[in-house]
Amino acid sequence: MYPYNTRKDDEPVSDAKLVISADTQTIADMLVDAINDEAGDYKKYTDLSQSISDAEDSETVKSMSYDEFKHKRIFEEIYHALTGNDAPEANTESWTPGENLIAELTDSLFAELEAVEMYRELMSAFESTMIRDMIFEVITDEQAHADIINYLSETAFKLF
């Protein structure tokens with residue numbers, strides 16, 4: 001069960017009224033996309049953190065990778081609650097740092113912001129406050145990641 005929920009009075013995820021504004025298959029497909037995106041970001045940020053020379057910035061990016069892994073697990077749990085099945089194995093592409101760090105960071109920034117938009121739509125499809133709170137946590141993490149990436153792009157000259 002989602003380890004960060006401290007609410008005792010809410011219904012278990014499996015007993016929740018889950019989808020209210022879209023069909024189950026559409027939501028399940030969105031969850032699979034989210035799982036794949038989060039798994040890919042986990043790999044990307046893990047690799048990126050290992051290539052950053054500044055120890056503090058490296059740790060910051062590594063913490064982002066841990067957040068992405070947590071998000072993947074959250075979406076897998078929601079998928080299971082919605083469908084009764086385990087989520088499919090994440091399908092991610094391998095990532096290698098490109099020549100242009102600023103372009104990489106810009107792509108990551110826009111990917112984080114696009115994820116926020118998709119997760120807002122996903123969140124609005126659920127009636128359960130527990131599920132909505134879980135997705136809201138992911139959204140706020142992604143917004144923080146966008147801020148961090150923005151900072152890193154400003155200081156990119158010292159990263160490598």
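**Close-up views of a four-helix chain**

**View 1. The chain as a whole, with four helices and zero strands.** In this predicted model, the elements follow one another from the N terminus in the order α-α-α-α. Of the 160 residues of the chain, 44% count as buried, while the surface that the chain exposes comes to about 8,700 Å², with carbon and sulfur atoms supplying 48% of that area. Among the contacts in the chain with a separation of 6 or more, 79% are accounted for by residues 24 or more positions apart.

**View 2. The packing of helix α3 against helix α4.** Two packed helices are described by the angle between their axes together with the distance between those axes. For helix α3, which covers residues 101-124, and helix α4, which covers residues 129-154, the angle is about 165° and the axes are 9 Å apart. Because angles over 145 degrees count as roughly antiparallel, α3 is roughly antiparallel to α4. The crossing of these two helices, α3 and α4, is left-handed.

**View 3. The residues that make the contact between α3 and α4.** On the α3 side, the contact is made by I102, L105, S108, L109, E112, L113, V116, Y119, R120, L122, M123 and S124. On the α4 side, the contributing residues are R132, I135, F136, V138, I139, E142, Q143, H145, A146, I149, L152 and S153. Sorted by class, the contact of α3 with α4 holds 15 nonpolar residues, together with five polar and four charged ones.

**View 4. The surroundings of S65 in helix α2.** S65 belongs to helix α2, which spans residues 55-83. With a relative accessible area of 1%, S65 is buried, since the cut-off for that class is under 20%. When residues up to four places away in sequence are not counted, S65 touches Y42, Y45 and T46.

**View 5. The surroundings of A90 in the loop between α2 and α3.** What is the relative accessible area of A90, and is A90 buried or partly exposed? The value for A90 is 21%, and the residue is therefore partly exposed, given that buried means under 20% and exposed means over 50%, with partly exposed in between. Although A90 and N36 are 54 residues apart along the chain, their C-alpha atoms are separated by 4.9 Å. Leaving aside residues up to four places away in sequence, A90 touches I35, N36, A39 and K72, so that N36 appears here as one of the residues in contact, as defined by heavy atoms within 4.5 Å.

Technical notes:
Residues are numbered from 1 along each chain as its sequence is written. This is a predicted model: local features need pLDDT of at least 70, side-chain atom pairs count only at pLDDT 80 or more; totals for chains, interfaces and linings use all residues. Side-chain values use heavy atoms; hydrogens and water are left out. Buried means under 20% relative accessible area, exposed over 50%, partly exposed in between (1.4 Å probe, protein chains only). Accessible areas come from the Shrake-Rupley method with a 1.4 Å probe; for residues, only the protein chains shown count as cover. Axes are lines fitted to C-alpha atoms, for helices over the stretch in contact, and angles run from 0 to 180 degrees between N-to-C directions. Angles under 35 degrees count as roughly parallel, over 145 as roughly antiparallel, 65 to 115 as roughly perpendicular and the rest as oblique. A crossing is left-handed if the near helix is turned anticlockwise from the far one by less than a right angle, and right-handed if clockwise. Ala, Val, Leu, Ile, Met, Phe, Trp, Tyr, Cys and Pro count as nonpolar, Asp, Glu, Lys and Arg as charged, and the others, Gly among them, as polar.
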